[in-house]
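Student: I've got a model open and a pile of labels to make sense of. Can we go through them one by one, with the reasoning behind each?

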Amino acid sequence: MVRGPRPMPQGQNKTPAIPYASALNPAQYQAVTHPGGPLLVIAGAGTGKTRTLVYRVAYLVEQGVDPRSILLLTFTRKAAQEMMERASQILDARCAMVAGGTFHSFANLILRRYGSHVGYPASFTIADRSDAEDILNLIRTDLGFHKDKARFPKKRALMNIISRAANCQMSVGQVLAQEYPQYEALEPEIEEIARTYARYKEERAIMDYDDLLTKCRDLLRDHPPVRQRLSWTYAHVLIDEFQDTNAVQAEIGAFLASEHGNIMAVGDDCQSIYSFRGADFRNIMDFPKRFPGSTVITLEENYRSTQPILSFTNAIIENAREKYSKRLFTKAEGGAKPIYTRPPSELAQALYVLQRIQTHLQEGVPPHQIAVLFRAGWHSNDLEVLLGKHGIAFVKYGGMKFIEAAHIKDVLAFLKATVNPADTISWHRILQLLEGVGPVTAKRLAENVKEKGLESLVSKSLGKRKYGQSLRILHDTMTQLTTGGEPVSQKIEAVLTAYQPLLEAKYDDAPKRIPDLRSLQLLAERYENLETLLADLTLESPEQALARENGPRHRKDHVVLSTIHSAKGLEWHTVFIIHLVDGHLPSSYSLHDEDAIEEERRLFYVAATRAKCHLYLVAPKVQGQASFYSLATGGPSRFLFEIGRLGKLVRRDDPEAA
DNA sequence: TAAACTTGGTTTTTT
DNA sequence: ACCAAGTTTA
C-alpha cells in the first residue's frame, strides 16, 4: 500500500497556473520547486520565509500531491491557517485541506487515535500549565516535603525543572546541576515528585503539554507499523520556525519523514528564542547531519525593512558570540533611521508612545500596522491604561490570558470532568467551589469519584454534612452531562446554570465575569464535540481563535501590544520596543549566564526586525528604588552600548521637546 | 476542617 | 504584586 505522492485529476494540466519563476527570487524558486528529499531553508528575517512555504504548498498541490498528505507544522495555529489561506488564494481551495497546526495540536490528534499504544484512552484531558502546577502542589503537600528545614521549591519551580527535563531529554539531576544548583541537595525528593507526577497523570488519563510531545514521539519510535502508516499518510512534512524546535519535536519530524525523506525545515538560527523550552539554535545546523543528502538553501534578500532599519538590525546581530553565515541586504533605498529616546520615567515612556501612536494614526497608518513590543507581559501595564483612557483600541498578545481567568478555569473543570471522570485535578477544583468544602474534603471526594464513580457523591454519610445538598445538585448535573448525548451548546448551558450561583458566591466581581462566560458559550457553539473544544482551548489561545472568528475587519481597528515571543513571524509598519533597559531587555535573570544573554540579544534582534518603516527604541529612566519587582538598573540596554556606530545608525529624539 | 488573616519570600518568555 | 505557609477563629 504505497500512498506516496500521487496525481490528482485537477493537477494534471501541464502549464503551471502560477508563474513561480517571476513571483520568486532564484533562491526561493529553488526551494519551492525542490524535487523531494530533505531540504533546509535558512531564511533571514523578512526574506520571504512564509512566502516560500506558501508557494511550496501550492507547488506540491499543483504537482498532484494530495493536499491532505501535506503536513505543515508551525509555531502557532494562526500561522498555519494564514499560510493555507494564502496558498488557497494563489492556487485554489484544495490548499485549505492541507493538514496543519502546531506540534502540540498534531500530537493531540494522533494520540486521540493511537493513544492506547502508549497507555492512554482517547478521552484523555490536557492539563494546561496551571493545572499541572496544581497537581505538583498536591503531590508536594502529600509527600510532606514542604515541612523540611531546607526551603523546598514551589510548584512553579518544580514545573520548570520537570518540564525542562522532559524537553531537553535530561534527568532531574542533570537539570538541577545545570540550572538550579541551589536545589541540588534535594535531588532525591524532586525525583520522587517527578515520578509521582508521571504516575498521577497516567492513572488519571491526564497529559500535560510535554506529554503530548514525548508520548507522540514514543508512539512513533516504539510502534513501527503506526510510524510507517503515519509516514505514508504525510508524504510531505514541512516545518516552520525550525530554530525553535526542541529535540523531541525534531525526532517527531524525523519519524514522520522516515519512509520517504520528504522533510522541509525552514528557520533562522539568529531568531532562536525558545531555549527555555529546550530549543537550541544549533539544532538547525544538525539538520544536514540528521538527514544525509540534504539540500541547504539560504535566503538573504530582505523584502520587509528599509535600509536604515536593516543596517541597525545587522549591527545588533553582529555582536552575537557565534558568527552567522548570512548578511541581509535590501534593494530598496531610503527610509528613516530608527529613533532612540530616553523618557525621564516609565510613565513618560507610556505618554511618549501614546503621542507617537496618535501622530502615526493621524498620518493614516492603519492601527493594526502599529505594534508595541516588550520582554514581559506586565511591561505594557501603564500603556494599556493610557490607551484605554484615550480611546485607542488595542489587542494584546502574551501575558495573562482569557483561559487563565479563574472563572473560565472553573467552567472548563466541569467540562473536563464530564469527558474524563478520572480527572481528579478538575474535580478538586469543582468541589472546592462548594461552601464548606476545602482542600482536604475535596481531595477525598475526588479520589472517591475516580475509584467508585459519580454515585459516591451522594452516599448516605455525606448527605448529613452541611454540603450534602450542594453535592446532590452537583451529582445530578454531572450525571445528566455524562449520560446525555445532547449537543455541546446544551452541555455548556447546563454547566453555566449549575455554576452561576457558585460564581456569585465566590467572587465579589461576579457581574464583570459573566460576559466572559457568554463569550465562552459563543465560542463553544461551533463545536460538535467536547474533547475537541477542550483541546483547542488549551492548545491555542482563545484570543487568537476569537480574532480569527471575528474576521480581519475586527482586527484592523486595533493597535497591537505584544510580548516579543508572541511577535515571532509577524511584521508591522511601525514598531515600538519599550523598556529597552538593562534588567528588562536583557532580563535580569539572564545576566549571570552568557548563553542566556546571547538569547536576549536574539530576542532584541527579533523585535527590531519586525519593523518595516518606523522603528522606535525607548529606554526610560527608572525612577524610585528598585523593588523586588523591578530589578532594572535604569541604564539603557547593553545591546545599545555595544553597537559601535550607534550614533550613525539611529536618530535621537528628545521627549522633553515633543 | 474551613475560612480569614499575618508574614515572609519570590520574580520571564509559551505550547 | 502575588503566593505559600503558619496562626487564629468558628
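Student: Why is glutamate 241 called buried?

Tutor: First, keep in mind that this is a predicted model. Glutamate 241 has a relative accessible area of 7%, and buried means under 20%, so the label fits. You'll find glutamate 241 in the loop between β6 and α12 (247-256). Its phi is positive, about 50°, although glutamate 241 is not a glycine.

Student: Which alanine has a positive phi too, and where is it found?

Tutor: That's alanine 205, with phi at about 55°. Look in the loop between α9 (187-203) and β5 (206-208). Alanine 205 has 9% relative accessibility, so it counts as buried under the 20% limit.

Student: How do you know that phenylalanine 106 and tyrosine 234 form an aromatic pair, and what makes it edge-to-face?

Tutor: Two checks. Their ring centres are 5.5 Å apart, and the limit for pairing is 6.5 Å, so they pair. The planes are at 75°, and over 60 counts as edge-to-face. By this rule the count comes to 15 aromatic pairs.

Student: Where do the two partners, phenylalanine 106 and tyrosine 234, sit in the chain?

Tutor: In distant parts, 128 residues apart. Phenylalanine 106 belongs to helix α5 (residues 103-114), while tyrosine 234 is in the loop between α11 (224-233) and β6 (236-239). Phenylalanine 106 is at 7% relative accessibility, so it's buried. Tyrosine 234, at 11%, is buried as well.

Student: What about tyrosine 120 and phenylalanine 124: what makes that pair edge-to-face?

Tutor: Try the two checks again. The centres are 6.1 Å apart, within the 6.5 Å limit, and the planes make 85°, over the 60 needed for edge-to-face. Both rings count as buried because tyrosine 120 is at 2% and phenylalanine 124 at 1%.

Student: Which residue lies over the face of phenylalanine 124?

Tutor: Arginine 112, at 3.8 Å from the ring centre. The distance limit for a charge over a ring is 6 Å, so 3.8 Å passes that part of the test. Arginine 204 is placed over the face of tyrosine 200 in a similar way, 3.7 Å from the ring centre.

Student: Which tyrosines do ring pairs link into a cluster?

Tutor: Tyr20, Tyr55 and Tyr59.

Student: How do you know that threonine 125 and aspartate 423 make a polar contact?

Tutor: Their side chains come to 2.8 Å, and the cut-off for a polar contact is 3.5 Å. Threonine 125 is in strand β4 (residues 125-127), and at 4% relative accessibility it falls under the 20% limit, so it's buried.

Student: How far is alanine 535 from threonine 125?

Tutor: Their C-alpha atoms are separated by 7.7 Å, though the residues are 410 apart along the chain. Alanine 535 is part of helix α24 (residues 530-539). With 3% relative accessibility, alanine 535 is called buried because the limit is 20%.

Student: Cysteine 95 and cysteine 613: buried or exposed, or something in between?

Tutor: Cysteine 95 has a relative accessible area of 0%, so it's buried. Cysteine 613 has 29%; that lies between 20% and 50%, so partly exposed is the right name. As for disulfides, the structure holds zero.

Student: Which residues surround DNA strand C, and what kinds of residue are they?

Tutor: Arg140, His146, Lys154 and Lys155. They divide into no nonpolar, one polar and three charged. Arg and Lys count as charged, and His falls among the polar ones, so the split follows.

Student: Which part of DNA strand C is within 4 Å of the protein?

Tutor: Of the strand atoms within 4 Å of the protein, 100% belong to sugar or phosphate. A phosphate oxygen is 2.4 Å from an N or O atom in the side chain of arginine 140. For lysine 155, the corresponding distance to a phosphate oxygen is 3.3 Å. The cut-off is 3.5 Å, so both distances qualify as polar contacts.

Student: Which peptide bond is cis?

Tutor: The bond joining leucine 585 and proline 586, with omega at about 5°. Proline 586 is in the loop between β13 (572-577) and α26 (594-608).

Technical notes
Residues are numbered from 1 along each chain as its sequence is written. Chains are lettered from A and ligands numbered from 1 in the order in which they are written. This is a predicted model: local features need pLDDT of at least 70, side-chain atom pairs count only at pLDDT 80 or more; totals for chains, interfaces and linings use all residues. Side-chain values use heavy atoms; hydrogens and water are left out. A residue is near a molecule or strand if one of its heavy atoms lies within 4 Å of it. A polar contact is a pair of N or O atoms within 3.5 Å; within protein, one must be able to donate a hydrogen and the other to accept it, and residues adjacent in sequence count only if both atoms are side-chain atoms. A disulfide is a pair of cysteine sulfur atoms within 2.5 Å. Buried means under 20% relative accessible area, exposed over 50%, partly exposed in between (1.4 Å probe, protein chains only). Rings of Phe, Tyr and Trp (its six-membered ring) pair if their centres lie within 6.5 Å; planes under 30 degrees apart count as stacked, over 60 as edge-to-face and the rest as tilted. Helices (H or I, at least four residues) and strands (E, at least two) are DSSP runs, numbered from the N terminus. A charge sits over a ring if NZ of Lys or CZ of Arg is within 6 Å of the ring centre and within 35 degrees of the ring normal.
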